[in-house]
Amino acid sequence: MMSKSILFVFTFSLLMFSCKDNDSAEYGDYKKVISLNGTWQFLASNDAQIEDLIEASYSEWDTLQVPGNWDTRDRYSEYVGKGYYQREFNVPENWDGKQIRIKFDAVYERSKVWLNGTLLGEHVGGYTPFEFNITDLVNLEESNTLLVEADNTYKRGAWWAWGWY
């Protein structure tokens, strides 16, 4: 039932901020922004242990598009709980010495994020952006693994009924 499902909005991009303000995606001879939108591996599970997920064979998982909403897939339309998104990405080597951040535009409603098996942090608030500085954890010479837990079990709904009682 669609009314039981909770909107899940999940968009993000990997950001690198330079000392100079430049709105373009290119700065000098390196890219300033790498988008991680696209196809991600996905697992819906309320029983999975994070230690197992960090070492999982992600190729056996389903796939979903990010940005996206798992509610739009028939098999997840009534699913409430934790969903895990995984993706690998590379960082240009010429980002060495730069501050590197990962920015999420929104993850509904609670989230946890791991990079290369290390917990970056948690965020609560389904419609608010958040970011992490990953400068000291990102691999410049090999692929990086990003794992995101999204939990849509928020019990009160997304709207507060302001008004007279």
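# Close-up views of sheet, core and rings

**View 1. Strand β6 has two unlike sides, a covered face made of D62, L64 and V66 and an uncovered one made of T63 and Q65.** Strands here are DSSP runs of type E with at least two residues, numbered from the N terminus. The model is predicted, so local features need pLDDT of at least 70 and side-chain atom pairs count only at pLDDT 80 or more, whereas totals for chains, interfaces and linings use all residues. Residues are numbered from 1 along each chain as its sequence is written, and side-chain values use heavy atoms, with hydrogens and water left out. T63, on the uncovered face, is also the bridge partner of Q41, and β6 runs antiparallel to β5, to which five bridges join it.

**View 2. An open sheet of six strands follows the order β6-β5-β7-β12-β9-β10, with antiparallel pairing.** Two strands are taken as paired if DSSP finds at least two bridges between them. The edge positions belong to β6 and β10 (118-124), each of which has a single partner strand, so that one side of each is left without a neighbour in the sheet. Between β7 and β12 the antiparallel pairing extends over eight bridges, and G83 stands opposite A150 of β12.

**View 3. R110 lies in strand β9, where its contacts reach several residues remote in sequence.** Leaving aside residues up to four places away in sequence, R110 touches H123, V124, E149, A150 and D151, a contact being heavy atoms within 4.5 Å. Although R110 and H123 are 13 residues apart along the chain, their C-alpha atoms are separated by 5.8 Å. R110 counts as partly exposed because its relative accessibility is 43%, where under 20% relative accessible area is buried, over 50% exposed and the range in between partly exposed (1.4 Å probe, protein chains only).

**View 4. The largest nonpolar core holds 27 residues, of which Y85 and L146 touch the most other members.** Such a core is a set of buried Ala, Val, Leu, Ile, Met, Phe, Trp, Tyr and Cys residues joined through side-chain atoms within 4.5 Å. At least two residues of this core come from each of β5 (38-44), β6 (62-66), β7 (82-89), β8 (99-106), β9 (110-115), β11 (130-133) and β12 (144-151). A second core, separate from this one and made up of six residues, includes L53, W61, Y84 and L147.

**View 5. Nine aromatic pairs are counted, and ring pairs link F42, W70, Y76, Y79 and Y85 into a cluster.** Rings of Phe, Tyr and Trp (its six-membered ring) pair if their centres lie within 6.5 Å, with planes under 30 degrees apart stacked, over 60 edge-to-face and the rest tilted. F42 and Y76 form an edge-to-face pair, because their ring centres are 5.0 Å apart and their planes stand at 80°. This pair links distant parts of the chain, since F42 belongs to strand β5 and Y76 to the loop between β6 and β7, 34 residues apart, and F42 and Y76 are both buried. Y58 and W61 also make an edge-to-face pair, at 4.9 Å centre to centre and with 90° between the planes. Y58 counts as buried at 10% relative accessibility, and W61 is buried with a relative accessible area of 11%.

Terms used: Helix = DSSP H or I, 4+ residues; strand = E, 2+ residues; numbered from the N terminus.
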